[in-house]
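Biologist: Please take a close look at the core of this model for me. Then tell me what surrounds it.

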Amino acid sequence: MAFIHYRTQGFVLKKTDRFEADRIFTIFTFDWGRVKVLARAIRKITSKLRSGIDFFYLSEIEFIQGKTYKTLTDAIALEKFKNLKEDLGKFKIAFEISEVLDNFLKFEEKDENIWNLIIETFTLLNRPEVTPRQGGDLTKYTRSSLIYYYFLWNFFSTLGYQPELYQCSLCWKKLKPDNLYFSSKDGGVICQACSKSEKEAKKINSSVIKVLRIIFKKDSQTLSKLKIEPVLEKSLKDISENYYLYLLRENLKFDKIKV
Ligand SMILES: [Zn+2]
């Protein structure tokens with residue numbers, strides 16, 4: 001029986017070992033979005049596929065569709081994003097990004113916006129000037145974590161969850177810089193008056209709102225020069241985590257409805 005060979009480019013998000021020498025890759029592909037591909041005997045030293053595909057590689061891949069699995073038949077590494085593996089700080093961020101993608105993307109579905117965002121984010125993160133090795137200049141570390149937030153919020157935006165940052169999400173009045181709150185449930189920033197009825201809203205500093213606006217403008221140039229104080233970064237982290245968990249819960253509910 002002749003199989004059709006499918007060829008595309010893909011970015012490797014995950015790998016899981018199977019049996020003695022097999023490996024399953026979770027790949028975000030240009031043509032089909034998230035796919036799982038089985039690489040038979042790839043952990044054997046003689047495997048021709050070994051050098052072409054690995055964690056955080058952008059590879060050209062070829063596979064055949066079997067009854068249960070897609071089976072990898074060829075892989076050529078186009079970009080290995082080497083610095084992500086050599087720098088622990090970068091590796092952790094790359095790993096978190098792939099977790100986000102894995103948590104939200106459950107089906108095969110082509111999405112060029114997500115594809116472009118993945119390639120852009122990993123190219124930024126891979127740049128040698130972004131993070132020094134451990135023990136280096138700590139202000140530069142902040143920058144690499146900003147790339148994580150750059151990815152995360154723009155990813156939410158591609159899913160249709162860009163938060164409102166210019167007007168109160170509840171009463172639609174223009175925001176004044178003081179006493180602002182972020183409400184994940186209401187999809188953005190809310191004013192002090194509205195925050196009284198929203199117990200779960202979190203206080204947000206106007207500087208954090210500015211950082212988010214830069215992120216949504218996709219202004220990676222300004223972002224790379226930005227110095228953010230630890231207290232503001234903590235606030236950005238809290239609000240990002242809160243929104244992430246809220247969207248994840250909503251997404252799970254949605255998946256259940258669809259089933
Ligand atoms: Zn309001």
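Modeller: Buried means under 20% relative accessible area, exposed means over 50%, and partly exposed lies in between (1.4 Å probe, protein chains only). By that cut, 47% of the 259 residues in the protein chain are buried. This is a predicted model: local features need pLDDT of at least 70, side-chain atom pairs count only at pLDDT 80 or more, and totals for chains, interfaces and linings use all residues. Residues are numbered from 1 along each chain as its sequence is written, and side-chain values use heavy atoms, with hydrogens and water left out.

Confidence comes next. The chain averages a pLDDT (the predictor's confidence in each residue, from 0 to 100) of 91, and 93% of the residues score at least 70. Residues 132–136 stay under 50, and the model gives them 10 contacts (heavy atoms within 4.5 Å) beyond four places in sequence. Where pLDDT is low, the predicted coordinates should not be read in detail.

The protein chain has 8 helices and 8 strands. These are DSSP runs, H or I of at least four residues and E of at least two, numbered from the N terminus. The C-alpha atoms fill a box of roughly 70 × 50 × 30 Å along the principal axes. Among contacts between residues at least 6 apart in sequence, 58% join residues at least 24 apart.

Now the core itself. The largest nonpolar core (buried Ala, Val, Leu, Ile, Met, Phe, Trp, Tyr and Cys joined through side-chain atoms within 4.5 Å) holds 63 residues. Leu101, Phe122, Trp153, Phe155, Phe156, Ile204 and Leu236 have the most contacts inside it. Several elements each give at least two residues to this core, among them β1 (5–18), α2 (88–104), α3 (112–126), α6 (206–216) and α8 (230–258). α4 makes the largest contribution, 10 residues. Take Phe155: beyond its neighbours within four places in sequence, it touches Val100, Leu101, Phe104, Leu105, Ile114 and Leu117. A second core of 14 residues is separate, and Phe25, Ala39, Ile42 and Tyr57 belong to it.

Strand β3 (residues 33–39) is largely enclosed by the rest of the structure, because 6 of its 7 residues are buried. It runs antiparallel to β2 (residues 22–29), with 7 bridges between them. Strands count as paired from at least two DSSP bridges. A hairpin of 3 residues connects β2 to β3, and Thr29 faces Gly33. On β5 (residues 70–79), β3 pairs in the parallel sense through 2 bridges. There Val37 stands opposite Lys70.

The zinc site is next. Its protein donors (N, O or S within 2.8 Å of the metal, 3.2 Å for Na, K and Ca; sites may look incomplete, as water is not among the atoms) are the SG atoms of Cys168, Cys171, Cys191 and Cys194, lying 2.3 Å from the ion. Along the chain they follow C-x2-C-x19-C-x2-C. The 4 donor atoms subtend angles of 104 to 116 degrees, so the arrangement is tetrahedral; that label needs all angles between 85 and 135 degrees. The ideal tetrahedral angle is 109.5 degrees. Cys168 is buried, at 0% relative accessibility, whereas Cys171 is partly exposed at 32%.

One last residue: Ser206 lies in helix α6. At 23% relative accessibility, Ser206 is partly exposed. Its C-alpha sits 9.5 Å from that of Tyr181, 25 residues apart in sequence.

Conventions:
Four donors count as tetrahedral if all angles lie between 85 and 135 degrees; four count as square planar and six as octahedral if opposite donors are over 155 degrees apart and all others between 65 and 115; anything else is irregular.
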